[in-house]
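Thank you all for coming; I would like to walk through one structure with you this morning. Please have the sequence and the coordinates open as I talk.

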Amino acid sequence: MFNQFLEQLRSLNEYKDNVFKQIEAAESIVILRHIRPDPDALGSQLSLKQYLKNKYPEKEIRALGVYENELKFMGELDDGEITEKDLVIVLDTANVERIDYDGDFTVGKGVIKIDHHPNIEPYGDINIVEPSVSSTSELIYILLSLVDSHSIDKTVRSLVYLGIIGDTGRFLYNSHPSTYEVMSDIARGEVDTNGLLMKLYKKSLEDFKFSGFLINNFNLTDKGVLSVYVSEKDRENYGVDETAAALQVNLFRDVEDVKVWFMALESGDEIRVRLRSKDVEINDVAAHFGGGGHPHASGIRFRRKEDLNKLIEKLEEKL
């Protein structure tokens, strides 16, 4: 499986054996991912944890980080701190600033970075970074399949499935031929895909009402740039947290006149922008404002609401 696609994955081919040599040599392993995790961050983190527990039952395997209420159904996280005996694996996190760990994550035996975002900050001792892969969950599944497919159980498959579904928006973006190969392999493992989708995309009454707020409060330019601003007060009024709000960013995807869209979420002293596109590559625009991400799904952080107008102007230049 994946033979033709594997030829393109240079860092995976170069470092996969070294990664598992370090894993086998480690007494204990800590798995991290980025703050405010999405399904791919948790899917890759918890699937790797389960796989390593299956393969190395004698080792201590911990997945650290803060829970997101909307995604607690995906599995349990662990408590504790990184010690000097730990090998640290950081998943789905492009830069150090976004790692969900308050202490020094480098105090252990080494750091392995596995990610599918552009490798702007190669902070790991080993960096497996493959931007051509749909998600870190898909990349993890390919890696694990190459090493020992027998340790991939139903739980691993289910978590990878959720991660891929989340980062491809149910195959609306970021997916490649390899993605469907992985999904085909997952489907052979008796995964309850319908049940998982129901859990991932269920909406509370508050979420449903919040959708109405988004529909009634967007702005659309003549060139097809749609934007919606959500203040903390707006979220409080509808009883939705930031993660639940962000999960609705693709609400506008199917609107015919919309070419590029973003949701701007007020969060403390900054504004977090979820930027999306149907066809136009927008990660260069995100990078212009200090953000980044994928060609059709990126993120930016601003300090001032007025800067959103500059973002709209920059996006219109591309249309």
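Let me begin with a question about one charged pair: are E270 and R272 buried or exposed? Before I answer, please keep in mind that what we are looking at is a predicted model. E270 is buried, and R272 is buried as well. The side chains of these two residues meet in a salt bridge, at 2.7 Å from N to O. Salt bridges with shared partners join E270 and R272 with E97, E242 and R301 into one network.

In total, the structure holds 17 salt bridges, and I would like to discuss two others, each of which has a partner in helix α3. That helix covers residues 39-55, which makes 17 residues, and from its first C-alpha to its last it reaches 24 Å, close to the 24 Å expected at 1.5 Å a residue. Helix α3 is mostly covered, in that 13 of its 17 residues are buried.

One of these pairs is K49 with D78, whose side chains meet in a salt bridge at 2.9 Å, N to O. Because K49 sits in helix α3 while D78 belongs to the loop between β2 (60-63) and β3 (86-91), the pair ties together parts that are 29 residues apart in sequence. As for cover, K49 has a relative accessibility of 10% and therefore counts as buried, whereas D78, with a relative accessible area of 23%, is partly exposed; the cut-off for buried is under 20%.

The other pair is K55 with D148, where the side chains meet in a salt bridge at 3.2 Å, again N to O. Here K55 lies in helix α3 and D148 in helix α4, so the pair ties together parts that are 93 residues apart in sequence. K55 is partly exposed, with a relative accessible area of 25%, while D148 is buried, with a value of 15%.

That brings me to helix α4 itself, which runs over residues 136-148, has 13 residues and reaches 18 Å from its first C-alpha to its last, close to the 18 Å expected at 1.5 Å a residue. Helix α4 is mostly covered too, with eleven of its 13 residues buried; among them are T136, L139, I140 and L143, as well as the D148 I have just mentioned.

Now to the nonpolar interior. In soluble globular proteins, nonpolar side chains tend to be buried together. In this model the largest nonpolar core has 49 residues, and those with the most contacts inside it are F20, I23, I29, L52 and I114. Helix α5, residues 154-168, gives the most to this core, with seven residues. There is also a second, separate core of 17 residues, which includes V260, L275, I282 and F302.

Which residues does I114 touch, if we leave out those up to four places away in sequence? The list is I89, V90, L91, D92, I128, T136, L139, I140 and L143, and of these T136, L139, I140 and L143 are buried residues of helix α4.

Finally, let us turn to the surface, where I215, F218, L220 and L251 form a nonpolar patch with about 310 Å² of accessible area together. Within this patch, L220 lies in strand β6, residues 218-220, and L220 is partly exposed, because its relative accessible area is 35%. I am happy to take questions.

Definitions and conventions. Residues numbered from 1 in each chain as written. Predicted model: local features only at pLDDT ≥ 70, side-chain atom pairs only at ≥ 80, totals over all residues. Heavy atoms only, no water. Helix = DSSP H or I, 4+ residues; strand = E, 2+ residues; numbered from the N terminus. Expected span 1.5 Å × (residues − 1). Buried < 20%, exposed > 50% of the residue type's maximum accessible area, 1.4 Å probe, protein only. Patch = residues over 30% accessible without salt bridge, like charges linked within 9 Å, V, L, I, M, F, W, Y side chains within 5 Å. Areas by Shrake-Rupley, 256 points an atom, 1.4 Å probe, with all protein chains shown as cover. Salt bridge = Lys/Arg side-chain N within 4 Å of Asp/Glu carboxyl O. Core = buried A, V, L, I, M, F, W, Y, C linked by side-chain atoms within 4.5 Å. Contact = heavy atoms within 4.5 Å.
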